[in-house]
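Good morning. Please have a look at the model on the screen, and then I will go through a few of its features.

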Amino acid sequence: MPVFSHPSCLDHDTGPGHAERPERLAAVIEALRAAFPDLDLRQSPPATRGQLLRVHGPALLATVLDSHPTGRIPLDSDTVLSPGSAQAALHAAGAGVAAVDTVFDGSATRVFCAVRPPGHHATGDIAMGFCLFNNIAVAAAHALDRYGLARVSVVDFDVHHGNGTQAIFEAEPRVQYVSSHQLPLFPDTGTRRERGVGNIVNVPLAPGTGSQRFCEAWRERLLPEIEAFAPQLILVSAGFDAHWRDPLAQLQLEAEDIGWLSGELVALADRFCEGRLVSMLEGGYDLQALRECSVAHLRALST
């Protein structure tokens, strides 16, 4: 199974003590290489401006790509632009585009994108929550435009709600967004009443929620919604910060829960999408949890 990444993703410099640090991606790649000796690691191309403009406004592109900072610049209290950020963001978004092309050219059915910065908090016009461009949204828009799809499911199990992804697609009936996430927690969106045009399904989980309630939420509510939508492609925002080790949230999941859900998504992809599934790394801020969850995720995707 191909894994897209790029060395430039390590050059996004968030500064000392920042949770979203280069060591996150290094830990994921290290764990995947150890677990899968024949890992098919590929360099992602940069996204083009045209691909980014499908979901982002020109002002955001100008901020990220044309600022050319000589040091670290805070865009908000959590989100940083550094000299290496533009190339990191371009290759992170480009990984999703390349992964979509890969599953549609028939050379693979499932692809994982091990990239940073993450993306699901970035709205059409605002970089926020550690995110510069919305990588999964760029991939979804590419799938719609390039391959003429009528139904794409974006599945988000990051512990934080993907407010940016939801905002970008809440009026787009061709894209379904389904999410479990802790609430209350940044960005304090993702209530059940947020429905878009009927294409948004949120299941907020209380702090302290463990494996049983998490699996019930997906088995009883979210997986049936995906099944009813019958997608032609499944895109996954794979955040590993719902693990009990994570310092930024209070859900109590194990790596095995991520493996279970990943296997359920593979089964849906096999049933509705001719196996096509693209997964992109989002959050996860404990290095050991990142290692365990990324390996569990890829084991399920590789079956």
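Two elements, α1 (22-35) and β2 (40-43), each supply at least two residues of the lining of the largest pocket. Bear in mind that this is a predicted model. Which element gives the largest share of that lining? The answer is α1, with four residues.

The residues that line this pocket are Ser5, His6, Pro7, Leu10, Leu25, Ala26, Ile29, Arg33, Leu41, Arg42 and Gln43. Sorted by class, six of the lining residues are nonpolar, three are polar and two are charged. The volume of the largest pocket is about 160 Å³.

Next, the aromatic rings. How many aromatic pairs does a search of the whole structure find? It finds four. I will show two of them.

In one pair, the ring centres of phenylalanine 104 and tyrosine 147 are 4.4 Å apart. Their planes are at 10°. Planes under 30 degrees apart count as stacked, so this pair is stacked. Phenylalanine 104 sits in helix α4 (residues 85-104) and tyrosine 147 in helix α5 (residues 135-147), so the pair ties together parts that are 43 residues apart in sequence. Are these two rings buried or exposed? Neither word fits: phenylalanine 104 is partly exposed, at a relative accessible area of 21%, and tyrosine 147 is partly exposed too, at 26%.

Another pair is made by phenylalanine 157 and phenylalanine 240, with ring centres 6.3 Å apart. Here the planes are at 35°, so the pair is tilted. This pair also links distant parts of the chain, 83 residues apart. Phenylalanine 157 is in the loop between β6 (152-156) and α6 (163-169), while phenylalanine 240 is in the loop between β9 (233-238) and α8 (255-272). Both phenylalanine 157 and phenylalanine 240 are buried.

Last, a single residue, glutamine 51. Where is glutamine 51 placed? It is in helix α2 (residues 49-53). Its relative accessibility is 16%. Buried means under 20%, so glutamine 51 counts as buried.

What does the side chain of glutamine 51 reach? It reaches the backbone nitrogen of threonine 48, at 2.9 Å. If we leave aside neighbours within four places in sequence, glutamine 51 is in contact with Pro46, Val97, Val138 and His142.

That is the end of my part. Thank you.

Conventions. Residues are numbered from 1 along each chain as its sequence is written. This is a predicted model: local features need pLDDT of at least 70, side-chain atom pairs count only at pLDDT 80 or more; totals for chains, interfaces and linings use all residues. Side-chain values use heavy atoms; hydrogens and water are left out. Rings of Phe, Tyr and Trp (its six-membered ring) pair if their centres lie within 6.5 Å; planes under 30 degrees apart count as stacked, over 60 as edge-to-face and the rest as tilted. Buried means under 20% relative accessible area, exposed over 50%, partly exposed in between (1.4 Å probe, protein chains only). On a 1 Å grid over the protein atoms alone, a cavity is a set of points where a 1.4 Å probe fits but cannot get out, and a pocket is an open set with protein on both sides within 12 Å along at least five of seven lines; lining residues have an atom within 4 Å of a point. Grid points are joined across faces, edges and corners, and a volume is the space filled by probe spheres set on the points. Ala, Val, Leu, Ile, Met, Phe, Trp, Tyr, Cys and Pro count as nonpolar, Asp, Glu, Lys and Arg as charged, and the others, Gly among them, as polar. A polar contact is a pair of N or O atoms within 3.5 Å; within protein, one must be able to donate a hydrogen and the other to accept it, and residues adjacent in sequence count only if both atoms are side-chain atoms. Contact means heavy atoms within 4.5 Å.
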